[in-house]
Amino acid sequence: MAQLDSKVSLLDISLRPFEESDLEDYVIIMSDNTVSKFCSWNPMGKEEALNDLLRVIYTHPWFRAICVKDRPIGYILVNQGKGSDGCRGEIGYVVGSAYWGQGIATHAVKMVISSIFSELQGLERLEALIDVDNLRSQRVAEKIGFIREGVLRKYWILNGTPRDMVIYSLLKTDTPVRMCWGF
Ligand SMILES: CC(C)(COP(=O)(O)OP(=O)(O)OC[C@H]1O[C@@H](n2cnc3c(N)ncnc32)[C@H](O)[C@@H]1OP(=O)(O)O)[C@@H](O)C(=O)NCCC(=O)NCCS
């Protein structure tokens, strides 16, 4: 498959569900240990990535490929709580390391935010939980207008070590911030 140019125009970015034919591009994202450094998964080989992709395609309620010219270069997901937790959802985003620093994650999160509160019934609050040392990801949340609520101490285990997480939120009613999104 032809290689994509790593310099991207934000106009070429779209979000769509993954398909099995995206495996090659999914492997590129999921096999990169620069990308997985602050993530809950370890770098994957082709077979593991295929199993993961099939799980995503067939079981995840809200998981989208971040595409450039319809080719996946990352992904973005929202996990909405169930029952009495249904008012909140957690957002996660990943961009292939060849494409970092061009505003792609920020653009993709903005695209999600423009519709997610009407798309997911009952959603009032979007959260992002970000490792305390993942400054790049924190910057994405802050650029969009997520509010930094605090630090959850020793909240999860990364490579065997308990880690602190910064918790951010954006509410459906955060209208003044939403007006700055430029959509
Ligand atoms: C986090 C991630 C999605 C960001 O993607 P991206 O497309 O590079 O993000 P953007 O270009 O939209 O924004 C990155 C911002 O971080 C800034 N940044 C980069 N390195 C930084 C650092 N060490 N400290 C602080 N800010 C930093 C960039 O300058 C940019 O901000 P700016 O526009 O004000 O200059 C990407 O790095 C990634 O996939 N990382 C691995 C997976 C991950 O950690 N996901 C988040 C899990 S919560």
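Reader: What makes Gly103 and the ligand a polar contact?

Author: In this predicted model, a polar backbone atom of Gly103 is 2.8 Å from an oxygen atom of the ligand. A polar contact needs a pair of N or O atoms within 3.5 Å, so this pair counts.

Reader: Which atoms of Gly101 and Thr106 lie by an oxygen atom of the ligand, and how far away are they?

Author: For Gly101, a backbone N or O atom lies 2.8 Å from a ligand oxygen. Thr106 uses an N or O atom in its side chain, and the distance there is 2.5 Å. Both pairs pass the cut-off of 3.5 Å.

Reader: How much of the ligand does the protein cover?

Author: On its own, the ligand has 960 Å² of accessible area, and the protein covers 74% of that. There are 21 residues around the ligand, and among those that come nearest are Val95, Asn134 and Lys143.

Reader: Why is Phe63 called buried?

Author: Its relative accessible area is 8%. Buried means under 20%, so Phe63 earns the word.

Reader: Where is Phe63, and what does it touch?

Author: Phe63 sits in strand E2. Leaving aside neighbours within four places in sequence, it is in contact with Pro17, Phe18, Tyr26, Val56, Tyr75, Ile76 and Leu77.

Reader: What makes a group of residues a nonpolar core, and which one has Phe63 in it?

Author: The members must be buried, be of types such as Phe, Ala, Tyr or Cys, and be joined through side-chain atoms within 4.5 Å. Phe63 belongs to a second, separate core of 19 residues, which also includes Cys39, Ala65 and Tyr75.

Reader: How many residues are in the largest core, and which ones touch the most other members?

Author: That core has 33 residues, and the best-connected ones are Ile76, Ile91, Tyr93, Val109, Ile116, Leu126 and Phe146. Several elements give two or more residues to it, including strands E3 (71–80) and E4 (88–95) and helix H5 (135–144). Helix H4 gives the most, with eight residues. In soluble globular proteins, nonpolar side chains tend to be buried together.

Reader: What does Ile76 touch?

Author: Not counting residues up to four places away in sequence, its contacts include Leu15, Trp62, Phe63, Ile91, Tyr93, Val109 and Val112.

Reader: How do you know which residues the "domain: N-acetyltransferase" label covers?

Author: The label comes from a UniProt annotation in an unreviewed entry, which gives residues 13–173. In the model, that span is 32% helix and 36% strand, and its end C-alpha atoms lie 27 Å apart.

Notes: Residues numbered from 1 in each chain as written. Predicted model: local features only at pLDDT ≥ 70, side-chain atom pairs only at ≥ 80, totals over all residues. Heavy atoms only, no water. Buried < 20%, exposed > 50% of the residue type's maximum accessible area, 1.4 Å probe, protein only. Helix = DSSP H or I, 4+ residues; strand = E, 2+ residues; numbered from the N terminus. Contact = heavy atoms within 4.5 Å. Near = heavy atom within 4 Å. Polar contact = N/O pair within 3.5 Å; in protein donor to acceptor, adjacent residues only side chain to side chain. Areas by Shrake-Rupley, 256 points an atom, 1.4 Å probe, with all protein chains shown as cover. UniProt positions renumbered as here; feature names shortened; annotations may be inferred.
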